[in-house]
Amino acid sequence: MADDTPLFPERTESQPARAETKAAHDRTKTKEAGSDTSGHRTRLRQRLLGGGDEALADHEVIELLLMQAVPRRDMKPLARSLLARFGTLAGVLQADPRTLALHPGMGEATAAALRIVTVAATRLARQKVRESAVIGSWQALIDYLTIDMAHLTLERVRVLYLNTKNMLILDDLVGEGSIDEAAIHPREVIRRALDIGASALILVHNHPSGSPEPSRADIDITTRIAEAGRLLGITVHDHIVIGREGHVSLRAKGLI
């Protein structure tokens with residue numbers, strides 16, 4: 001007679017064992033969801049929402065941003081290391097995304113979490129500039145240019161073309177490199193103004209060195225463009241130099 005007894009009989013898991021397995025599974029799920037056992041993240045969020053603009057220190061702002069990308073890791077050491085490397089909150093947020101991603105402890109997700117702040121801030125500032133006459137909202141223009149250019153590591157030259165009401169009609173990136181090396185020619189700048197119906201313009205470029213003091217080349221190119229503009233009825237309102245240490249208006253310095 002054949003023996004029907006299984007060679008390896010099934011083992012029935014006891015009720016306590018099943019309960020422990022379920023508890024372990026639940027703990028794993030909670031951890032993966034980003035548990036906040038100390039309540040630190042919750043406190044940061046509450047301070048942000050209820051305490052106003054100055055409720056958080058700079059490293060806490062960075063920490064809270066990084067938390068959006070990494071749900072279960074202490075972000076404070078990484079936030080402090082970013083500040084130590086880039087110097088300021090603005091330096092961190094406006095750092096090159098590829099440089100951020102390569103920083104120890106960072107990656108694409110965390111770099112994107114920081115980068116999106118500058119993208120949003122730039123668009124908000126640009127919208128404010130577009131909504132009113134540039135000459136009458138000078139600080140809004142400086143804020144926009146500072147957010148967008150102050151921490152660039154490469155020099156960029158831009159021309160802001162304005163209509164008869166001094167409203168911005170085109171923000172044109174002319175070239176990259178120092179202003180005497182960039183592809184910026186007075187006749188082309190003025191021709192572009194005529195082509196789009198602009199009546200005035202503002203020259204802008206940044207100094208990656210940090211100091212916004214104009215160079216001899218900055219002054220010379222401004223003079224040449226202003227002279228070309230006068231011949232054809234195009235006004236050069238200003239040439240603004242942006243740097244990490246502030247900005248300089250060539251008109252305010254009597255150089256136009």
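The legends below describe close-up views of a predicted model.

**View 1. The largest nonpolar core and the helices that build it.** Of the 21 residues in this core, those that touch the most other members are Ile 62, Leu 66, Leu 82, Leu 100, Met 106 and Leu 114. Helices α3 (58-67), α4 (76-86), α5 (89-93) and α7 (108-130) each supply at least two residues, and α3 gives the most, with five residues. Apart from this core lies another one of 18 residues, which includes Ala 125, Val 134, Tyr 144 and Ile 202. In soluble globular proteins, nonpolar side chains tend to be buried together.

**View 2. The surroundings of Leu 66.** When residues up to four places away in sequence are not counted, Leu 66 touches Met 75, Leu 78, Ala 79, Leu 82, Met 106, Thr 110 and Leu 114.

**View 3. A salt bridge between helices α2 and α3.** The side chains of Glu 60 and Arg 47 meet in a salt bridge, at 2.8 Å from N to O; Glu 60 belongs to helix α3 and Arg 47 to helix α2 (residues 40-51), 13 residues apart. Glu 60 is buried, with a relative accessible area of 11%, whereas Arg 47 counts as partly exposed at 35%.

**View 4. A salt bridge between strands β1 and β2.** The closest N and O atoms of Glu 176 and Arg 156 are 3.0 Å apart in this salt bridge. Because Glu 176 lies in strand β2 (residues 168-176) and Arg 156 in strand β1 (residues 156-162), the pair ties together parts that are 20 residues apart in sequence. Glu 176 is partly exposed, with a relative accessible area of 42%, and Arg 156 is also partly exposed, at 31%.

How values were computed
Residues are numbered from 1 along each chain as its sequence is written. This is a predicted model: local features need pLDDT of at least 70, side-chain atom pairs count only at pLDDT 80 or more; totals for chains, interfaces and linings use all residues. Side-chain values use heavy atoms; hydrogens and water are left out. A nonpolar core is a set of buried Ala, Val, Leu, Ile, Met, Phe, Trp, Tyr and Cys residues joined through side-chain atoms within 4.5 Å. Buried means under 20% relative accessible area, exposed over 50%, partly exposed in between (1.4 Å probe, protein chains only). Helices (H or I, at least four residues) and strands (E, at least two) are DSSP runs, numbered from the N terminus. Contact means heavy atoms within 4.5 Å. A salt bridge is a side-chain nitrogen of Lys or Arg within 4 Å of a carboxyl oxygen of Asp or Glu.
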